[in-house]
Amino acid sequence: MAQQGVEIQIENKGGFRVLRPTGDLDVYTVGSLRDVLGQMIEDQTPRVVVDLDAVPFMDSSGLGALMGGVRRLREAGGDLAISCTRDQHLKLFTITGFGEGVSIAPTVEEAAGGLR
Amino acid sequence: MKLSLRWKIVGGFGLLLALIGLLGWVTLSLFSSLRTVQRRVFDDAVPGLVTVDEIVRSYTAQSAAVRGFLIQSQDSLLEQYRVEVGTVHVAQRDAQRLFTSDPERALLRRLINAGTDFQALVEDRVVPLADEGRRALAFSVLGQRGTPLISEIEELGNNLRELQREVVVRSESDLRSQSGQARVILLVVTVGALVAGTALAVLLPRRLSSNIQTLVGAARAIGSGDLDQKIQIKSGDEIEELGARFTEMQSGLKRLHQLAAQDRELEIASSIQRNLLQRTLPRTPGLQLVPIQRQANLVGGDWYDVDVSGSEMTVAVGDSSGKGIGAALMATVVLSVLRAERGLGAGPTRIIQRANQALKEATDPDSFTTLVYATVDFRSGAATWLNMGHPSPFVLTSSPRDGRPRGFFLEGPRNRALGWFDDPGAGQTVMQLEPGDRLVFYTDGLLEAKSPEGEIFGEERLGQAMLRLASLDCADLSEALVRQVEDFAAGKLDDDLTILVIEYQGSPLGERVVEELTGERPWHSKE
């Protein structure tokens, strides 16, 4: 149960930032995502699109971090949208109902279009 | 520079020994120079001077003796002359041994020649003339030819003396210069030896001691629990190595502490989770219920709850997100609300709303709980449930045509997970169970179990496994299913795994329930 990190690339797109985690988002790695999202609030860049295309696996901890991120970023005056084409993740959003509360789209640009 | 302690000490002592050796060598060579000078002065120059004096004196004495003999006609004076001749031969032999340089030898040769000429004059001319009684002539011959020879001898003697004096002066100068050099070398070597000795005796032990003190201090601090010691030793030897190992040891201890804390947390979480489980399940006629739960390594947030009231069995299967104590406590919150509200007679919708409210208020925004809250009437076989963001239950039935097993995930109205939305929804799924039908509730631990290759178990495998195991009774089916998932994950479960199988065995009163559902069944099959 070693603490691992997931590598997260951050890209500045002007009006928003794109976070691209690479690797599984689970209980072992989710701390990194939580830290980066916290950093976005501290940097006062709370409009964020998380691209999940390089995340092969996401469990309830990963989903929780994303949804917690949505709430925190909204409280900070921003928002979090999700760019994802992986069925497995999309299904998770559908099952839990979180897909209804967040902008989820196949591309970063489309997802960003749904940012509040 | 990397140099081991051993080589530092060996090198230090080696340098000291070399300096002491040099000191000895310089001293010895100084003594040797002194000895050379002494030899040149006392064994060479001084005896040379004495011998020259003796030769010159002897020839002067010979000349005087012959003159005396000519004046006084005493044979004893002639005899004295002959004694001096013997003396001068001995002195000249000594001189030939003592004078080794070319100029000395040339002067000595000329001196001996002059002496020989003088003696030949005396023996061949002066003494025969005296014997003939011609003393005046003999005196005149001696005066004319002998006196210049004696003068030449005296002059050559002076020259030889001068050479010996030069030797003495040169030796003295050599001695002075060598002793000056020796003094400088001795000074340098002594200072070097002192510096090396001081470094060895003071600096090396002090540095060693200071570094060891640093380590002792660090060890003491580590012993008292401070694992953030910064050990900076740059000695390039074993002590630096030891410092690096200390730093590694601190990380190791930190890791151990973390692991111990995590173990403790897991123990607490596991204990909370175990306490949530019902020790005795309510039994009811017409329904068989088998729950199985496997805890993951990190303890997830799985839970279930069963209650019977009147002809209804209430079954809730849930999964609170995250791991460890956080997940276990969240499960406690949900279960407490469920049980409390149910005790107050609240219906499923209200119970769910209350649980959502409690979770939203009590937990952090990263946490949520999914669950299925079902009621099954054991008289009629009517089942109703609310699916709150949870994986769809599986229905295992048999074909009315050939009796072969059929199964499907029952996708009813889907509501949202609890703890995040203000209104999670309250859509209900209703279905009529036939005798022998089984309703399987489970958590995502089954679907998301990962193989060592990173593949997930998924709905397809789960559905296929259920159909394959359909002939087994509820208990065996549950066990076999869990075993298959565990085998798939090679025994390593990252999430809790819960499965709860309910089999409707028909009305215990032997009567068919008349209440029929009309129209479309409110779910679609993914058979």
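A helix here is a DSSP run of H or I at least four residues long, and helices are numbered from the N terminus. The model is a predicted one, and this report starts with a helix of chain B before turning to a loop and then to the A–B contact.

## Helix H10 of chain B

H10(B) covers residues 474-488. Does its length look regular or off? With 15 residues at 1.5 Å a residue, the helix should span 21 Å, and its end C-alpha atoms are indeed 21 Å apart, so the two values agree. The expected span takes 1.5 Å times one less than the number of residues, which is why 15 residues lead to 21 Å.

Both ends have something to look at. At the N-terminal end, B:Asp473 acts as a cap, with a side-chain oxygen 3.1 Å from the backbone nitrogen of B:Ala475. After the helix comes B:Ala490, which has a positive phi, near 50°.

## What H10(B) packs against

The buried residues of H10(B) start with B:Cys474, B:Leu477 and B:Ser478. Further along the list are B:Ala480, B:Leu481, B:Val482 and B:Val485, followed by B:Glu486 and B:Phe488. So a charged residue, B:Glu486, is on the buried list too.

Which elements of chain B do these buried residues pack against? On the strand side, the partners are S1 (287-294), S6 (394-398), S10 (438-442) and S11 (497-504). Helices H8 (444-447) and H9 (458-468) are partners as well.

## A serine in a loop

B:Ser380 sits in the loop between strands S4 (369-377) and S5 (382-388) of chain B. Is this serine buried or exposed? Its relative accessibility is 9%, and since buried means under 20%, B:Ser380 counts as buried. A polar atom of the B:Ser380 side chain lies 3.2 Å from the backbone nitrogen of B:Ala382.

## Where chains A and B meet

The contact draws 33 residues from chain A and 31 residues from chain B. Together the two chains bury about 2500 Å², with 56% of that on carbon and sulfur atoms.

There are 5 salt bridges between chain A and chain B. One of them joins the side chains of A:Arg34 and B:Asp366, at 2.5 Å from N to O. Polar contacts link 12 residue pairs across the two chains, counting pairs with both residues at pLDDT 80 or more.

On the chain A side, the elements giving two or more residues are helices H2 (60-75) and H3 (87-96). H2(A) gives the most, with 12 residues. By type, this side of chain A divides into 13 nonpolar, 11 polar and 9 charged residues.

How values were computed. Residues are numbered from 1 along each chain as its sequence is written. Chains are lettered from A and ligands numbered from 1 in the order in which they are written. This is a predicted model: local features need pLDDT of at least 70, side-chain atom pairs count only at pLDDT 80 or more; totals for chains, interfaces and linings use all residues. Side-chain values use heavy atoms; hydrogens and water are left out. Contact means heavy atoms within 4.5 Å. Buried area is the accessible area (1.4 Å probe) that two parts lose on being put together, summed over both. A salt bridge is a side-chain nitrogen of Lys or Arg within 4 Å of a carboxyl oxygen of Asp or Glu. A polar contact is a pair of N or O atoms within 3.5 Å; within protein, one must be able to donate a hydrogen and the other to accept it, and residues adjacent in sequence count only if both atoms are side-chain atoms. Buried means under 20% relative accessible area, exposed over 50%, partly exposed in between (1.4 Å probe, protein chains only).
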